[in-house]
Amino acid sequence: MVVTTTMSDSEEYLHCTFASRYARTSLPRFKIPEGSIPKEAAYQIVNDELMLDGNPRLNLASFVTTWMEPECDKLIMDSINKNYVDMDEYPVTTELQNRCVNMIAHLFHAPVGDDETAIGVGTVGSSEAIMLAGLAFKRKWQAKRKAQGKPYDNPNIVTGANVQVCWEKFARYFEVELKEVKLKEGYYVMDPAKAVEMVDENTICVAAILGSTLTGEFEDVKLLSELLTEKNKETGWDTPIHVDAASGGFIAPFLFPELEWDFRLPLVKSINVSGHKYGLVYAGVGWVIWRNKDDLPEELVFHINYLGSDQPTFTLNFSKGSCQIIAQYYQFIRLGFEGYKSIMENCMANARLLREEIAKTGRFEIVSKEFGVPLVAFALKDTSRYTVFQISESLRRFGWIVPAYTMPPDAEHIAVLRVVIREDFSHTLAERLVSDIQKVLKELDELPPRVSTKAAHVSVVADETQSGNVDQPHLKRSDVETQKEISNYWRRISDKKTSGVC
């Protein structure tokens with residue numbers, strides 16, 4: 001949900017050109033119209049307004065899938081009127097969800113036998129999946145503390161400062177302290193050693209990120225598990241790990257099968273993954289998988305029978321569409337392991353091409369790593385004349401949506417551009433993007449400095465004429481202090497965590 005603020009003037013009207021063939025009366029903007037209009041006019045009015053939206057295919061800010069095959073599009077439209085929660089009415093859809101859960105569980109090496117059912121659920125996205133996983137950890141921790149006669153009112157969770165905003169939401173909504181491991185320049189993921197140092201008896205879990213939103217980098221879950229195992233032995237605690245694999249969960253199994261990050265590590269109790277990212281489904285589907293039944297407290301599972309039969313449910317919402325679940329199943333059986341692997345290899349190849357071409361300009365430092373999600377994050381080497389924010393703004397003129405953002409604490413002075421490589425981002429588009437970036441750089445080079453790091457640098461120099469004190473020292477901030485000041489300015493403007501969509 002987006003919280004919106006509208007003008008209080010309810011008399012503002014929509015004036016539509018082509019719709020006048022059907023209706024001559026202007027429509028109120030913030031009130032439901034008194035009467036009806038022809039369907040053709042309604043379509044034209046809405047369609048005309050939507051023309052001003054960006055092109056989803058050129059939205060390089062988002063990890064979310066923007067293209068699927070026509071056959072899957074047809075399946076989606078055929079099932080768009082099915083309510084996911086009506087399990088008794090749509091038993092086959094429910095079965096397809098269960099198959100998807102088991103497929104993902106086996107992909108993540110869950111200890112599930114061939115004749116056993118995996119524990120997991122489809123969600124609206126990884127945000128809901130993380131909320132559910134976090135609740136399970138909190139309830140298990142509380143139950144254990146109660147049994148031990150210890151306080152259970154101050155739970156915390158340890159993460160890196162690079163986590164997606166949904167972790168902050170979970171902490172705030174469900175009253176869990178969020179303990180963040182700060183980043184540093186050149187190292188933009190959670191340091192496992194520092195994370196384990198922050199663990200205490202009130203830590204319900206440590207959250208590791210497989211595919212940082214900022215740089216695409218995989219965090220070292222295996223090292224985290226080893227260090228946390230040692231601490232658990234020393235303290236007698238049993239602090240577990242959750243892996244936020246929203247972006248990397250459908251990449252690592254196909255490109256880095258030897259990487260141990262999943263249920264092969266005993267401390268990993270739950271994993272979330274976004275089907276609508278590299279699961280290759282349109283927005284609206286995520287998954288959360290638990291290691292086994294004991295890791296999901298039964299008290300969190302509700303049983304309802306007013307839809308026709310006893311149905312267990314563990315979600316934050318109730319009604320939602322079934323079409324994304326069906327689309328996910330289509331992709332699994334359509335592509336198979338080899339198909340997913342081929343697509344991910346192609347994404348990586350295009351990311352490699354883009355990385356090399358951007359580096360050839362000589363203007364940027366590549367911040368992202370090759371070992372991770374196929375994206376390219378890059379920072380300006382020289383910010384004396386303009387910033388990455390101006391480059392991002394100028395690229396909009398060519399239709400490209402390329403986000404610019406600052407890193408979280410303690411690397412706020414680093415500002416970068418990021419391009420996410422999805423299945424529908426081709427070799428040709430990569431070349432065109434680089435060409436347009438070069439055009440923007442040339443244009444900005446020819447302009448006088450505007451709001452750049454150097455131009456915005458605030459040097460407090462004593463005005464000898466006004467102060468009359470010729471001996472007053474000149475106070476000048478360092479470049480790092482200046483960059484931090486500018487970064488904080490942009491943070492105040494956005495007033496939100498600089499992360500991608502979950």
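These are my notebook entries on what I looked up in this structure.

**Model and confidence**

I began with the ground rules: this is a predicted model, in which local features need pLDDT of at least 70 and side-chain atom pairs count only at pLDDT 80 or more, while totals for chains, interfaces and linings use all residues. Residues are numbered from 1 along each chain as its sequence is written, and side-chain values use heavy atoms, with hydrogens and water left out.

I then looked up the confidence of the protein chain and found a mean pLDDT of 88 (pLDDT being the predictor's confidence in each residue, from 0 to 100), with 84% of the residues reaching 70 or more. I marked residues 451-475, where pLDDT stays under 50 and the model has 39 contacts beyond four places in sequence (a contact means heavy atoms within 4.5 Å). I also marked residues 498-502, where the pLDDT is below 50 and the model has 22 contacts beyond near neighbours in sequence.

**The seven-stranded sheet**

I next followed an open sheet of seven strands, which has the order β3-β9-β8-β7-β6-β4-β5 and mixed pairing. For the labels I kept in mind that helices (H or I, at least four residues) and strands (E, at least two) are DSSP runs numbered from the N terminus, and that two strands pair if DSSP finds at least two bridges between them. Which strands stand at the edges? They are β3 and β5, each with a single partner strand, so one side of each is left without a neighbour in the sheet.

Neighbouring strands of this sheet are turned by 20° against each other on average, direction ignored; here, as elsewhere, axes are lines fitted to C-alpha atoms, for helices over the stretch in contact, and angles run from 0 to 180 degrees between N-to-C directions. Within the sheet I checked strand β7 (residues 241-244) and strand β8 (residues 268-274), which run parallel and are joined by four bridges; Asp-244 has Asn-272 in β8 as its bridge partner. Helix α3 packs on this sheet, where α3 touches β3, β8 and β9 (286-290), and its direction makes about 60° with that of β9.

**The four-stranded sheet**

I then turned to an open sheet of four strands, ordered β12-β13-β15-β14, in which the pairing is antiparallel. Its edge strands are β12 (364-366) and β14 (404-406), each of which pairs on one side only, and the twist from one strand to the next averages 40°. Strand β13 (residues 375-380) and strand β15 (residues 415-420) pair in the antiparallel sense over four bridges, and I found Ala-377 standing opposite Arg-418 in β15.

Which strands do the helices lie across here? Helix α9 (residues 323-360) lies across β12, β13 and β15, running at about 15° to β13, while helix α10 (residues 388-395) lies across β12, β13, β14 and β15, running at about 35° to β15.

**Helix pairs**

I looked up how α9 meets helix α11 (residues 427-446): their axes come within 10 Å and cross at roughly 20°. The two helices are therefore roughly parallel to each other (angles under 35 degrees). Among the residues that make the contact are Leu-353 and Leu-354 of α9 and Leu-433 and Val-434 of α11.

I also looked up helix α4 (residues 126-147) and α5, which pack at an angle of about 45° with their axes 9 Å apart. That makes α4 oblique to α5 (oblique being what is left after under 35 degrees for roughly parallel, over 145 for roughly antiparallel and 65 to 115 for roughly perpendicular). Residues that meet there include Ile-130 and Met-131 in α4, and Trp-167 and Phe-170 in α5.

**Backbone details in loops**

I noted that the peptide bond from Pro-409 to Asp-410 is cis, with omega near 5°, and that Asp-410 is found in the loop between β14 and β15.

His-109 has a positive phi, near 60°, in a residue other than glycine, and its place is in the loop between α3 (91-107) and β3 (119-123). Is His-109 buried, partly exposed or exposed? With a relative accessible area of 38%, His-109 is partly exposed (buried means under 20%, exposed over 50%, partly exposed in between, with a 1.4 Å probe and protein chains only).

Glu-175 also has a positive phi, near 55°, and is found in the loop between α5 (165-173) and β5 (177-181). Glu-175 counts as exposed because its relative accessibility is 67%.
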